[in-house]
Amino acid sequence: GRFDPAGRYPDGYGYANRRSVPYIFRITTPTTWIPTDTYPLLACFHYFSDSYFCGGHSVPEAGRFVLAADDYDPLITANLYGHSMWYGYNANYGTWRAPTDGIVVNYTERRLDWIMEWTLNRSGLKMDANRVYMKGGSMGGAAQWHYGIRRPDLFAAGETAVPAVNLTFDPNNRHFSLWGHEPAITTTDGVTVGVRADAGAYVAAHPEADLPIMLMFARKGDVDVPWGQDPPFFQAVDDSRHGGILYWLQGDHVSGENPWQVFAEWSSETEYLEWVYQFARNASYPAFSRFSLNDNPGNGDPANGDPRGGFNRFPRWDMVTISDTATVWAMTVRLHSAAPVITATADITPRRLQALVHTPGT
């Protein structure tokens with residue numbers, strides 16, 4: 001509800017703008033579960049119109065716990081299914097008070113924080129806090145790019161399809177009824193809604209942050225999550241040296257090409273979807289930028305640029321043999337055999353350093 005009994009948030013707002021709001025989630029144990037063993041945790045964020053069943057993914061999976069939360073609030077009528085885009089809403093939403101007299105509060109994110117903390121601290125569920133991952137497409141991708149990357153002390157990596165990376169780009173402003181359309185309305189983050197809803201603005205403003213490493217793809221024919229938001233976002237991620245693998249292909253929001261079907265660097269759908277699970281918060285990794293074999297996404301017009309391609313498609317590295325000491329950071333990097341040439345250039349930024357004494361720019 002609107003209370004904050006633990007005093008976690010000094011702004012005085014709680015978890016909703018009224019009392020007693022239910023918020024459902026589910027946790028499934030691994031398919032073969034040995035309670036004395038420790039397992040990673042996958043947080044599944046559902047798409048628009050779905051629920052804590054998370055598109056059928058909230059079922060037991062091999063070798064990991066699965067947490068599926070539910071972005072649903074019965075108060076919300078601006079979106080048909082009661083969703084807050086995994087973010088929150090104006091403190092005056094659903095009242096007779098003007099949105100310009102209120103502030104946009106990240107209510108849903110606060111509930112997610114509470115659920116994540118509760119889950120990771122269950123004595124009967126042994127989870128590896130360094131191996132917490134994200135999954136979810138579309139609106140679930142918005143959860144990762146707007147909520148998850150702001151919590152590098154929680155998530156190690158994420159994989160997402162057709163995510164909304166800039167909610168202000170929607171020409172119909174479908175979600176602004178939750179927050180207020182006036183551009184001057186601010187948020188509990190101290191920025192306007194327009195800035196808070198732009199993941200590219202966040203990554204560009206935080207080059208120093210070791211974000212969860214991300215794997216994603218968008219489709220150029222997408223009109224539900226318009227393609228035009230993606231090229232500037234890709235460039236912001238690259239310019240701020242955050243790395244990851246960012247793809248685009250042909251198709252629309254719900255159907256079309258998938259990376260494992262189109263790009264030779266993936267042997268199967270399983271290899272693609274399992275790629276993120278090699279990372280952990282207590283292990284460094286290389287962030288590639290200005291990679292010479294990057295493709296051209298174009299200017300936002302679906303007809304402009306390469307019809308399909310990606311950033312950082314071919315760099316590969318060995319997570320097992322990383323040397324990360326107070327004086328040395330070393331690892332083996334290589335080009336995937338599917339690369340069109342045998343040499344390439346890139347900037348490599350060591351991220352999530354564990355021991356190396358290092359200052360930015362050196």
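**View 1. R219 and L249 face each other where strands β8 and β9 meet.** Everything shown is a predicted model, in which local features need pLDDT of at least 70 and side-chain atom pairs count only at pLDDT 80 or more, while totals for chains, interfaces and linings use all residues. Residues are numbered from 1 along each chain as its sequence is written, and side-chain values use heavy atoms, with hydrogens and water left out. Strand β8 covers residues 213-219 and runs parallel to β9, with five bridges joining the two. Strands (E, at least two residues) and helices (H or I, at least four) are DSSP runs numbered from the N terminus, and two strands pair if DSSP finds at least two bridges between them. Add helix α6 (residues 230-239) to β8 and β9, and you have a right-handed β-α-β unit. Right-handed here means that, with the strands pointing away from you, the path from the first strand over the helix to the second runs clockwise.

**View 2. Strand β9 is covered on both faces.** Five of the five residues of β9 are buried, a word used for under 20% relative accessible area, with exposed for over 50% and partly exposed in between (1.4 Å probe, protein chains only). I245, Y247 and L249 lie on one side of β9, with L246 and W248 on the other. Strand β11 runs antiparallel to β9, and three bridges join them. In this pairing, W248 of β9 has G309 of β11 opposite.

**View 3. W248 meets F311 edge-to-face.** Rings of Phe, Tyr and Trp (its six-membered ring) pair if their centres lie within 6.5 Å; planes under 30 degrees apart are stacked, over 60 edge-to-face, and the rest tilted. The model has 32 such aromatic pairs. For W248 and F311 the ring centres are 6.1 Å apart and the planes stand at 70°, so this pair is edge-to-face. The two residues sit 63 residues apart in the chain, W248 in β9 (residues 245-249) and F311 in β11 (residues 309-311). Both ends are tucked away: W248 is buried at 0% relative accessibility, and F311 is buried with 5%.

**View 4. F279 and W317 form a tilted pair.** Their ring centres lie 6.1 Å apart with the planes at 50°, so the pair counts as tilted. F279 belongs to the loop between α8 (269-274) and β10 (285-289), and W317 to strand β12 (residues 315-317), 38 residues apart. F279 has a relative accessible area of 0%, so it is buried; W317 is buried too, at 10%.

**View 5. W145 appears in an aromatic cluster and in a cavity lining.** The cluster consists of W145, W227, F233, F234, W248 and F311. W145 is also one of the buried residues of α2, a helix (residues 139-147) in which nine of nine residues are buried. Among the other buried residues of α2 are M139, Q144, H146 and Y147. The whole structure holds four cavities of 30 Å³ or more, and the largest has about 60 Å³ of space. On a 1 Å grid over the protein atoms alone, a cavity is a set of points where a 1.4 Å probe fits but cannot get out, and a pocket is an open set with protein on both sides within 12 Å along at least five of seven lines; lining residues have an atom within 4 Å of a point. Points are joined across faces, edges and corners, and a volume is the space filled by probe spheres set on them. W145 lines the largest cavity, along with residues including I149, L211, P212, I213 and M214.

**View 6. The largest pocket has about 520 Å³ of space.** Of its 25 lining residues, Y47, H57, G136, G137 and A161 lie nearest the centre. At least two lining residues each come from β7 (157-161), β8 and α8, and β7 gives the largest share, three residues.

**View 7. Two arginines lie over aromatic rings.** A charge sits over a ring if NZ of Lys or CZ of Arg is within 6 Å of the ring centre and within 35 degrees of the ring normal. The charged end of R110 is 4.0 Å from the ring centre of Y9, and R122 is 4.2 Å from that of W118.

**View 8. M85 and R290 have positive phi without being glycines.** M85, with phi of about 60°, is in the loop between β3 (65-69) and β4 (89-90) and is buried at 6%. R290, with phi near 50°, is in the loop between β10 and β11 and is exposed at 59%.
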